[in-house]
Amino acid sequence: MDELQTILTEAFGDSSNSEGEEEEQFLHVHSAENKVNGKALTGSVFGETHNWERISEIDGLWLCKDFLSPDQQSKLLSSIQQEGWFAESSSNQAMRFGDLPGWAVELSRSIHEVILFGSYAAELENCEKGKEACIFPQDLLWREPLFDQLIANMYQPGEGICPHVDLMRFEDGIAIVSLESSCVMHFSRVGNETCSAQDPPHKTPVLLTPGCLILMWGEARYLWKHEINRKPGFQIWEGQEIDQKKRISVTLRKLGRTD
Ligand SMILES: O=C(O)CCC(=O)C(=O)O
Ligand SMILES: [Fe+2]
């Protein structure tokens, strides 16, 4: 068994013997391959390669565009649909605390795995070291549970979310999975607000495509606001206005301790 597989097996157990077998398992570890000698390293989870991108302007902001395959996205969407949260047109948000639904536990586990693979790949490639290269700090990655709160948001075309920093009641280390429509999420530094049209605050755009995962920790979580403005004229990427559809996102966080 190769080294990476050993680490994963130690961390998660044998994936063929996973818990919650009554839940449909929409994510599985199919293969793990690495090439320690060559330059190329393929960290593969669910039989696919995952690429991590660091948003260089913002410390602690990471994007994994290919987190979920189209098939995995459909399965996740149907798990969400089965919850019935968005059955009524008036409802566009659902929150769960504590014990998360089985599919969300599985999603958290997959997030843990892709971070672990990505971190291991970066270490083997021996590229950047230190804080800058860290996809997710170890103390956050290994906390138990990784996440115990979820919000599912559904946005119709034109709907978004105002600039905000997530509440302090949540710990550091937040994950957001995007489904259906692509959108641009903008990040702006806290304290850089200006109302002047001549001097608008600098915003960093990040394209969230269906199936992508973003992680926010440290500065990205505490010192930057994030927003999605889907009003006409704001969803521009590479000079083109994004064709908006309904969008669903799943945000996973960990409640802070109250003691
Ligand atoms: O829908 C999203 O992608 C973002 C959601 C969000 O920022 C939040 O719920 O705090
Ligand atoms: Fe947020």
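The following is a conversation about a predicted model and the terms used to describe it.

Me: What should I keep in mind about the model and its numbering?
Reply: The model is predicted, so local features need pLDDT of at least 70 and side-chain atom pairs count only at pLDDT 80 or more, whereas totals for chains, interfaces and linings use all residues. Residues are numbered from 1 along each chain as its sequence is written, while chains are lettered from A and ligands numbered from 1 in the order in which they are written.

Me: Why is Glu-238 called exposed?
Reply: A residue is exposed if 12 or fewer other C-beta atoms, placed from the backbone, lie within 10 Å of its own, buried if there are 20 or more, and partly exposed in between. Glu-238 has 6 other C-beta atoms within 10 Å, and therefore it counts as exposed. Glu-238 lies in the loop between β13 (236-237) and β14 (240-241), and it has a positive phi of about 50° although it is not a glycine.

Me: Why does Glu-180 count as partly exposed?
Reply: Glu-180 has 17 C-beta neighbours inside 10 Å, so it falls in the class between buried and exposed. Glu-180 belongs to strand β8 (residues 174-180), where a strand is a DSSP run of E with at least two residues and a helix is a run of H or I with at least four, each numbered from the N terminus. Although Glu-180 is not a glycine, its phi is positive, about 70°.

Me: What makes a group of residues a nonpolar core?
Reply: Such a core is a set of buried Ala, Val, Leu, Ile, Met, Phe, Trp, Tyr and Cys residues joined through C-beta atoms within 7 Å. The largest one here has 45 residues, and Ala-175, Leu-213, Ile-214 and Leu-215 have the most contacts inside it. Its largest share, nine residues, comes from helix α3 (residues 102-125).

Me: How do you know that β7 and β12 pair?
Reply: Two strands pair if DSSP finds at least two bridges between them, and because two bridges join β7 to strand β12 (residues 224-228), the condition is met. The two strands run antiparallel, and the bridge partner of His-164 in β12 is His-226.

Me: What makes β7 and β10 edge strands?
Reply: The open sheet of four strands has the order β7-β12-β9-β10, with antiparallel pairing. Both β7 (161-164) and β10 (204-208) pair on one side only, and they are the edge strands.
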